[in-house]
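Hi everyone, thanks for making the time. I'd like to walk you through one model today, so let me put it on the screen.

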Amino acid sequence: MTTPSTAAPPDKVESFIGGAWVGETRGHCLEVLNPATAQPVALLQEADPAEVHRAVINARQAFDAGPWPRMDINDRKDILYRIRDRLRAHAGELADLEVLNAGIPHHHVQGQVLRMTRNCEFFAEVASTLRGESYTQSAGFLTWVTREPRGVAALISPWNAPLALSSMRVASCIAFGNTCVLKPSEYTPLAVARMVELMHECGLPPGVVNLVNGRGSITGEALVSEPGIDMVAFTGGTDTGRRVMASAAARLKPSLLELGGKSANIIHEDADLERALDGALLGIFSNNGQQCLAGSRILVQRRIAEDFISRFAERTRRIRVGDPMSPDTEVGPLCFQSHLERVLGYVDLARQEGCELLAGGARDWSAGAGFYMQPTALLAPSNSLRACQEEIFGPVAILQVYDSLQEAIALANDSRFGLVCYLWSASLDAAMQVSRSVRAGTIWINTPMMRELRAPFGGYKDSGIGRDGPQSSAEFFTELKTTTVPLDPPPLRPLGRH
Ligand code: NDP
């Protein structure tokens, strides 16, 4: 990759294997677009199955014979801290590349870049405090249990928050001494490629982090079906996750799946309505509405519904859509053309299903030729509609009205997903009821999107299997080993001596 000194994108993104850019031109090439202009900004050289195999072989060698898994934890930690500092020093450049390629507003990307650096330091600390167990209860024996790195990981990440999500996967994997092959989305390779390059300027041994780029159906499938992989950690859509898990399971490889959501945001009648309104708008429209943890089903108690819904619609109409580089922009373009069409298709479907259009609903040409869409609000007559059951993954809020908190909880649970649930209420009793009864991995009460890195994050039901978090990541990315020694030579029955 040509290294940009500023946020200028490279001409071409290719694989990074064994500590170096591959530097070959063969096979399929894809255009990388700027979603704000719909214009190409770089080319992506797709890794075919042979190149993916090479990446896995390099990761395998780095694991089986390289220094990384055997390194003193303090030295490994030093490298992760150097990576943290280097990424931080290049935060502006990385943020600009991310905005250019993913269309996420700049102010929002800054938080994600900070998250990327926090992921490195956080998992360095977690790995350095990893503990084992020992057992002395059996007379004459000492048994101890150690955690060892599991091996070579296939890491697959989506396009909606490339740096934050790819760094989460990489940091939680390599901190425990594993090596990996990372495949980001074909739509958003730019900032992640630069991140991987910067990581290698900090003393990361070659082969510990390898990068392959390309379409999920080619590069992604080749990666998850590689025999040299020991585990798969995947962040993406539920249907893809199901295929990835089936492929890993066929070879008895464990998989960690962070998948989609259709989360309820319950606005109870006793909520601080100003804050609930701000929180509900942020919950659905931040990151251009493209977030797994979006509060995309907004459930409003009937007594406050008319007022809340009309104010929500009014604020939705006033959201500033535009160039994601501009500090004034609140919602940028969607990531790519076919995704925009898919999201607009859901708006049409929702209207055919009987939803009332309250705001937006169309492509927004006023912001330019990019993949812009008006932030949209729809009022749904029933939770059984496809618009209420399927993940739209765009700036589309579906509002519904409920009477009792029990009904709101039932609506929240009436979903195949279970990633998060939001509640806005002043009542401790309501908070306890929602916390106890909603089947979701995270419950946010009177706050939108507080991602506590120290706590597990992941989904119930179709929202995933496994969790990110200090303990759960350690469990996924390490193997347990039990070793027993006698304190004195134990008596052995002398078989065959007579
Ligand atoms: P996809 O499932 O389409 O893609 C995710 C990744 O998998 C991409 O890198 C994609 O490559 C790759 N991929 C696609 N097909 C295959 C395959 N057959 N084998 C291996 N890899 C494949 O999801 P999106 O990129 O559209 O991301 C959006 C989804 O991610 C949403 O459902 C969202 O909710 C979920 N998500 C979940 C999060 C969580 O923490 N629970 C966080 C963020 C997003 P390519 O794009 O190049 O085709």
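Before we look at any pair of residues, one term: two strands count as paired if DSSP finds at least two bridges between them. And please keep in mind that what you see is a predicted model.

Let's begin with a hairpin. Strand β4, residues 29–34, and strand β5, residues 39–45, run antiparallel and are joined by six bridges. Within that pairing, L33 stands opposite P40 in β5. Four residues lie between the two strands of the hairpin, and A38 takes a positive phi near 65°.

Which residues of β4 lie on its covered face? They are L30, V32 and N34, while C29, E31 and L33 make up the uncovered one. That fits a general pattern: in a regular strand the side chains alternate between the two faces of the sheet.

Now on to a sheet further along the chain. Seven strands form an open sheet with mixed pairing, in the order β15-β16-β17-β14-β13-β19-β20. At the edges sit β15 (356–359) and β20 (442–445), each pairing on one side only. On average, neighbouring strands here are turned by 25° against each other, if we ignore direction.

Let me pick out one pair from this sheet. Strand β13, residues 264–267, runs parallel to β14, residues 297–301, and four bridges join them. There, N265 stands opposite I298 in β14.

Two helices pack on this sheet, so to speak, as follows. Helix α11, residues 337–352, touches β15, β16 (376–379) and β17 (396–402), and its direction makes about 25° with that of β16. Helix α14, residues 428–437, touches β13, β19 (420–424) and β20, and its direction makes about 170° with that of β19.

Finally, the part I suspect many of you were waiting for: the ligand. How many residues surround it? The count is 30, and the closest are S157, E186, T240, L259 and E391.

Let's go through some polar contacts to oxygen atoms of the ligand. E391 places a polar side-chain atom 2.5 Å from a ligand oxygen. From the backbone, an N or O atom of G216 lies 3.1 Å from an oxygen atom of the ligand, and for a backbone N or O atom of G236 the distance to a ligand oxygen is 3.2 Å. As for cover, the ligand on its own has 900 Å² of accessible area, and the protein covers 89% of that.

That's my tour. Thanks for listening, and I'm happy to go back to any view.

How values were computed. Residues are numbered from 1 along each chain as its sequence is written. This is a predicted model: local features need pLDDT of at least 70, side-chain atom pairs count only at pLDDT 80 or more; totals for chains, interfaces and linings use all residues. Side-chain values use heavy atoms; hydrogens and water are left out. Axes are lines fitted to C-alpha atoms, for helices over the stretch in contact, and angles run from 0 to 180 degrees between N-to-C directions. Contact means heavy atoms within 4.5 Å. A residue is near a molecule or strand if one of its heavy atoms lies within 4 Å of it. A polar contact is a pair of N or O atoms within 3.5 Å; within protein, one must be able to donate a hydrogen and the other to accept it, and residues adjacent in sequence count only if both atoms are side-chain atoms. Accessible areas come from the Shrake-Rupley method with a 1.4 Å probe; for residues, only the protein chains shown count as cover. Buried means under 20% relative accessible area, exposed over 50%, partly exposed in between (1.4 Å probe, protein chains only).
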